[in-house]
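Please open the model in your viewer with a cartoon for the backbone and sticks ready for the side chains. The tour below goes from one selection to the next and says what is to be found at each stop.

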Amino acid sequence: MKVVAEEPWAWMLFSERDGALFLSVLCGSVGLYSINFQLNEIETGSFTANDRSAVEALARDVSHHPSRYTRRHIADFTDLTGMKEAVSIWRSQHAGA
């Protein structure tokens, strides 16, 4: 698992070695929570074609309409193999950026 891109306090995009992409979006206002899911084929293609702007648009949609994505939510996302290490590496490389 590897962090590919991030908008702090909004979303984080992850990639697995096999090319699978996962998005974690911060939602809520008073109580914060995240919606974490694997991008489908169309979303992955859109990211590949449009780079960051496609992820930003998708993250906005998730943030404004989280209920649309709850069935795709991966409950134990932060416990996936390599997740904590990926975030730690990303944070150390982008500290102060």
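Is R52 buried, partly exposed or exposed? At 31% relative accessibility R52 is classed as partly exposed, where buried stands for under 20% relative accessible area, exposed for over 50%, and partly exposed for what lies in between, computed with a 1.4 Å probe on protein chains only.

Before the next selection, a word on the basis of the tour. This is a predicted model, in which local features need pLDDT of at least 70 and side-chain atom pairs count only at pLDDT 80 or more, while totals for chains, interfaces and linings use all residues. Residues are numbered from 1 along each chain as its sequence is written, and side-chain values use heavy atoms, with hydrogens and water left out.

**The whole chain**

Colour the cartoon by secondary structure, and 3 helices and 4 strands should appear, helices being DSSP runs of H or I with at least four residues and strands runs of E with at least two, each numbered from the N terminus. Followed from the N terminus, the elements are arranged as β-β-β-β-α-α-α. The radius of gyration, taken over C-alpha atoms, is 13 Å, close to the 13 Å that the globule rule (2.2 Å times the number of residues to the power 0.38) gives for 97 residues, so the protein is as compact as a globular protein of that length. Its C-alpha trace spans about 35 × 30 × 25 Å along the principal axes, and buried residues account for 34% of the 97 residues. Of the contacts (heavy atoms within 4.5 Å) with a separation of 6 or more, 47% are between residues 24 or more positions apart.

**The sheet**

Now select the strands, which form an open sheet of 4 in the order 1-2-3-4 with antiparallel pairing; two strands count as paired if DSSP finds at least two bridges between them. Strand 1 and strand 4 (32–38) are the edge strands, each pairing on one side only. On average, and with direction ignored, neighbouring strands of this sheet are turned by 20 degrees against each other, the axes being lines fitted to C-alpha atoms, for helices over the stretch in contact, and the angles running from 0 to 180 degrees between N-to-C directions.

Zoom in on strand 1 and strand 2, which pair in the antiparallel sense over 5 bridges, and find A5 opposite L13 in strand 2. The hairpin of these strands has 3 residues between them, and W9 there takes a positive phi near 60 degrees. On the other side of the sheet order, strand 3 and strand 4 pair over 7 bridges, again in the antiparallel sense, with N36 in strand 4 as the bridge partner of S24. Add helix 2, which lies across strand 1, strand 2 (11–15), strand 3 and strand 4 and runs at about 40 degrees to strand 3.

**The charged pairs**

Return to R52 and show its partners. A salt bridge is counted where a side-chain nitrogen of Lys or Arg lies within 4 Å of a carboxyl oxygen of Asp or Glu, and by this rule there are 6 salt bridges. In one of them E7 meets R52, with the closest N and O atoms 2.8 Å apart. E7 lies in strand 1 (residues 2–7) and R52 in helix 2, so the pair ties together parts that are 45 residues apart in sequence. E7 is partly exposed, with a relative accessible area of 32%.

R52 also forms a salt bridge with E56, at 3.0 Å from N to O; both residues lie in helix 2, 4 residues apart, about one turn of the helix. E56 is partly exposed at 27%, and the salt bridges that share partners join E7, R52 and E56 into one network.

Next select E43 and R72, a salt bridge whose closest N and O atoms are 2.6 Å apart. Because E43 lies in helix 1 (residues 41–50) and R72 in the loop between helix 2 and helix 3, this pair ties together parts that are 29 residues apart in sequence. E43 is buried, with a relative accessible area of 15%.

**The aromatic rings**

Last, show F14, F22 and F77, which form one aromatic cluster. Rings of Phe, Tyr and Trp (its six-membered ring) pair if their centres lie within 6.5 Å, with planes under 30 degrees apart counted as stacked, over 60 as edge-to-face and the rest as tilted; the count comes to 3 aromatic pairs. The ring centres of F22 and F77 are 6.0 Å apart and their planes stand at 45 degrees, so this pair is tilted. F22 lies in strand 3 (residues 21–28) and F77 in the loop between helix 2 (52–64) and helix 3 (83–93), so the pair ties together parts that are 55 residues apart in sequence. Both F22 and F77 are buried.
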